[in-house]
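Colleague: I'd like to learn how to read a structure like this one, feature by feature. Could you take me through it?

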Amino acid sequence: MSQNPPPHPRLRRCAVLAASLLLIGPADLQVPCARAAIPGGPIAVGGPNFGISGTPITWNPAMPIQYRVDPGPLAVNPYTGAVVVDNPTGIARLGSMFSTWTSVPTAALSTIYAGALLSYGSYTGGPVAAGGLAAFDAVAQSCDNGVQSPVIFDPEGNLFRDLGLSSGVIGFAGPCAVDTSSGYLQSALLALNGNFQNGVYQISTNEFNQAITHEIGHFLGLDHSQINVDVLNQTPGNCNSAEVPALPIMFPYLICQARVTAGFSPLAPDDAAWISRLYPVNSALPGKQITSSAYGTISGTIYFSDGITAAQGVNVIARSTADPLGVAFSAVSGYLFTGNPGQSVTCALGGSECNTVGSRRGSRDTRLIGTFDIPVLPGTYTIQIESINSQFFGGSSVGPLRRPIPMPGTAPAPPPQVTVTAGGSQSVTIILVGTPPRFDSFETSQTSELRNQISAPPWQRRQELLQVRAR
C-alpha cells in the first residue's frame with residue numbers, strides 16, 4: 001500500500017501539455033496522470049486546431065531556449081540540514097546536462113541560463129521548496145502562462161512527496177504552453193528531486209545526471225523510446241553490457257548502469273538521431289554538421305493480415321546488422337496520428353464520459369494510422385516489430401496510445417532488411433501474421449467502407465472496448 005498522499009490537483013488535471021516521470025525501477029511505478037506520448041520522437045504532435053496537424057511540437061528554431069532556475073540548493077541532508085549540493089553547483093551541473101543535448105553535432109539546438117526564477121503570483125522569490133505547494137503552484141502557473149520556463153530544485157524531496165509522487169521518482173518535466181498557431185513551445189517545466197543526491201538516500205552522480213538529462217529531453221520536446229526492453233528482466237544496475245550502448249537515455253526507467261559509468265557516450269544513437277530530426281541542421285553552422293549528410297530514413301506502414309487495415313501502436317526497431325544490440329533506432333507506428341480521435345458512444349453516460357472531440361493532439365489523417373519513419377545512420381538494418389511493454393503507461397508511456405495495446409498477430413518471417421545511405425530513404429511494408437479478420441459475420445464490404453470514413457480505425461475501436469471491459 002502506498003504511503004504517498006493522493007496526487008496534487010495540478011498533476012491530476014494534467015495542466016501541462018505532458019508530464020513525464022523517470023523512476024528508479026518498475027517496482028516503484030505510481031503515475032499521477034497519463035499523457036499523450038510519442039516514442040523515439042516528439043512528445044506531442046499538432047492536431048486540427050493545435051499547431052500544424054501531423055507536425056511535431058518543438059521549440060522555435062530561433063534559439064536559444066531560455067530557462068530559469070530555483071535559487072535554492074539542489075540537495076540538503078534531511079537529518080543535519082547541511083547543504084550537500086549548493087545552488088551554484090546545481091546550476092553548473094544543470095548546464096552540463098543541457099549541453100549533452102545541445103552538443104549533438106547534427107542538432108541545431110541551443111539553451112541559455114536566464115537567471116533565477118521570476119516572481120509570479122504568491123511566489124515572491126527564494127527557494128520554491130521553502131514555500132511549499134503554494135509556491136510550486138505559482139511557479140507552475142507562470143509556466144502554464146508562458147511567462148518563464150522554470151527549473152525547480154526540491155532539495156529534500158518534500159515537494160515530490162506533497163505532490164503525491166512515488167518515492168522512486170527522480171524528476172519530471174514537460175512542456176507547459178504552446179503557440180497553437182505555429183505549434184512552437186513557449187515554455188516548459190523541469191523538477192529535480194534532490195533527495196537522490198543528499199548523501200543519505202543517494203544514487204550515483206552519473207545515474208542522477210543521466211536521469212535529469214532524460215527529463216531535459218522531455219523539456220526539449222522528446223518522448224520515451226523502447227529499445228532492448230528485455231533489460232527490465234535483468235539485474236538493476238548491472239545490465240548486459242552489450243545492450244547498454246543502444247539503450248536510449250529516453251528509456252522510461254533508469255534500470256541499468258549509467259551510460260557514462262559503463263564507458264559509453266551520454267546519448268544512445270536513437271537519442272541523437274531523434275533530437276537531430278526535431279532540430280535539423282539545414283545549412284552550415286559553426287561546429288555543426290548538416291543533418292541530412294549524416295542520417296537517412298527508414299519509413300513504412302504496419303498492416304493487419306488483410307494488407308489493408310493499418311495498425312497503430314506497434315514498436316518498430318531498426319537494428320544494425322553489424323551490431324544488432326549496440327546500434328538501433330526506433331519509432332512507433334501511427335505516432336503522427338492521434339491516440340484519441342473521439343467518439344460519441346459513451347456520451348449517453350454523461351459527464352466526463354462524453355468524448356466527441358477527442359484529443360487536440362495528433363493528426364486525423366487516417367493515412368497516418370500505421371505509418372512510421374525512423375532516422376538512422378547509414379548502414380544495413382533488420383526491421384524488428386514488437387508490442388509496447390505493458391509497464392509503460394501514464395507518465396512512463398511509449399506511443400500515441402494512453403495505454404499500450406498488444407501487437408495483433410505476429411511479425412512476418414524472415415524480418416525485412418534494408419540498406420540506407422546518408423540523405424537517402426528506404427520504405428518497407430510490414431503485414432502482420434495471424435491477425436483477426438477485418439470483417440465479422442455482421443459486416444459487409446459496404447458497411448466497412450462507411451466505417452473507414454470514421455477517424456478511429458475499426459481495429460482500434462474494437463481493442464479500446466476490450467480494454468474497457470478488462471478493467
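Modeller: Let's begin with a term: a residue is buried when its relative accessible area is under 20%, exposed when that area is over 50%, and partly exposed in between. By that cut-off, Cys143 is buried and Cys176 is buried too. Keep in mind that this is a predicted model.

Colleague: How many disulfides are there, and which cysteines does the one with Cys143 join?

Modeller: The general idea is that a disulfide is a covalent bond between the sulfur atoms of two cysteines. Here the count is two disulfides. One of them joins Cys143 to Cys176, with an S to S distance of 2.0 Å. The pair links distant parts of the chain, 33 residues apart: Cys143 sits in helix H3 (residues 132-144), and Cys176 in strand E8 (residues 169-178).

Colleague: Is the disulfide of Cys143 and Cys176 right-handed or left-handed?

Modeller: Look at the torsion about the S-S bond. For Cys143 and Cys176 it is about 95°, so that disulfide is right-handed.

Colleague: And what about Cys239 and Cys256?

Modeller: Cys239 and Cys256 form a disulfide as well, with their sulfur atoms 2.0 Å apart. Both Cys239 and Cys256 lie in the loop between helix H5 (205-219) and helix H6 (269-278), so the bond ties together parts that are 17 residues apart in sequence. The torsion about the S-S bond of Cys239 and Cys256 is about -90°, so this disulfide is left-handed. As for cover, Cys239 is buried, and Cys256 is buried too.

Colleague: On to charges. How many salt bridges are there?

Modeller: Side chains of opposite charge can pair when their charged atoms come close. In this model the count is three salt bridges. Take Arg277 and Asp373, whose closest N and O atoms are 2.6 Å apart. Arg277 belongs to helix H6 and Asp373 to strand E13 (residues 371-376), so this pair ties together parts that are 96 residues apart in sequence.

Colleague: Is Asp373 buried or exposed?

Modeller: Asp373 has a relative accessible area of 16%, so it counts as buried. Its partner Arg277 is at 28%, which means partly exposed.

Colleague: Which residues make up the other salt bridges?

Modeller: Arg161 pairs with Asp162, their closest N and O atoms being 3.0 Å apart. Arg161 is partly exposed at 41% relative accessibility, and Asp162 is partly exposed at 29%. Arg367 pairs with Asp365, and there the closest N and O atoms are 2.8 Å apart. Arg367 is exposed, at 68% relative accessibility, while Asp365 is partly exposed at 26%.

Colleague: You mentioned helix H6. How many of the residues of H6 are buried?

Modeller: A helix idea to start with: an α-helix has 3.6 residues a turn, so residues three or four places apart point the same way. In H6, eight of the ten residues are buried, so the helix is largely enclosed by the rest of the structure. The buried residues include Trp274, Ile275 and Leu278.

Colleague: What covers the buried residues of H6?

Modeller: The cover includes strand E2 (58-59), helix H2 (87-102), strand E12 (328-332) and strand E13. That last strand also holds Asp373, the salt-bridge partner of Arg277 in H6.

Colleague: How should I read a polar side chain in a loop? Where is Asn77 found?

Modeller: Check its cover, then what its side chain reaches. Asn77 is in the loop between strand E4 (75-76) and strand E5 (83-85), and it is buried, with a relative accessible area of 15%. A polar atom of the Asn77 side chain lies 2.8 Å from the backbone nitrogen of Tyr79. The side chain also reaches the backbone nitrogen of Thr80, at 3.0 Å. Leaving aside neighbours within four places in sequence, Asn77 is in contact with Ala82, Val84, Asn198 and Val200.

Colleague: Which residues form a nonpolar patch on the surface?

Modeller: Tyr79, Val200 and Tyr201 form one, with about 360 Å² of accessible area together. Tyr201 is in the loop between strand E9 (184-193) and H5, and it counts as partly exposed, at 41% relative accessibility. Notice how this connects to Asn77: its side chain lies by the backbone nitrogen of Tyr79, and Asn77 is in contact with Val200.

Notes:
Residues numbered from 1 in each chain as written. Predicted model: local features only at pLDDT ≥ 70, side-chain atom pairs only at ≥ 80, totals over all residues. Heavy atoms only, no water. Helix = DSSP H or I, 4+ residues; strand = E, 2+ residues; numbered from the N terminus. Buried < 20%, exposed > 50% of the residue type's maximum accessible area, 1.4 Å probe, protein only. Polar contact = N/O pair within 3.5 Å; in protein donor to acceptor, adjacent residues only side chain to side chain. Contact = heavy atoms within 4.5 Å. Disulfide = S-S within 2.5 Å. Patch = residues over 30% accessible without salt bridge, like charges linked within 9 Å, V, L, I, M, F, W, Y side chains within 5 Å. Areas by Shrake-Rupley, 256 points an atom, 1.4 Å probe, with all protein chains shown as cover. Salt bridge = Lys/Arg side-chain N within 4 Å of Asp/Glu carboxyl O.
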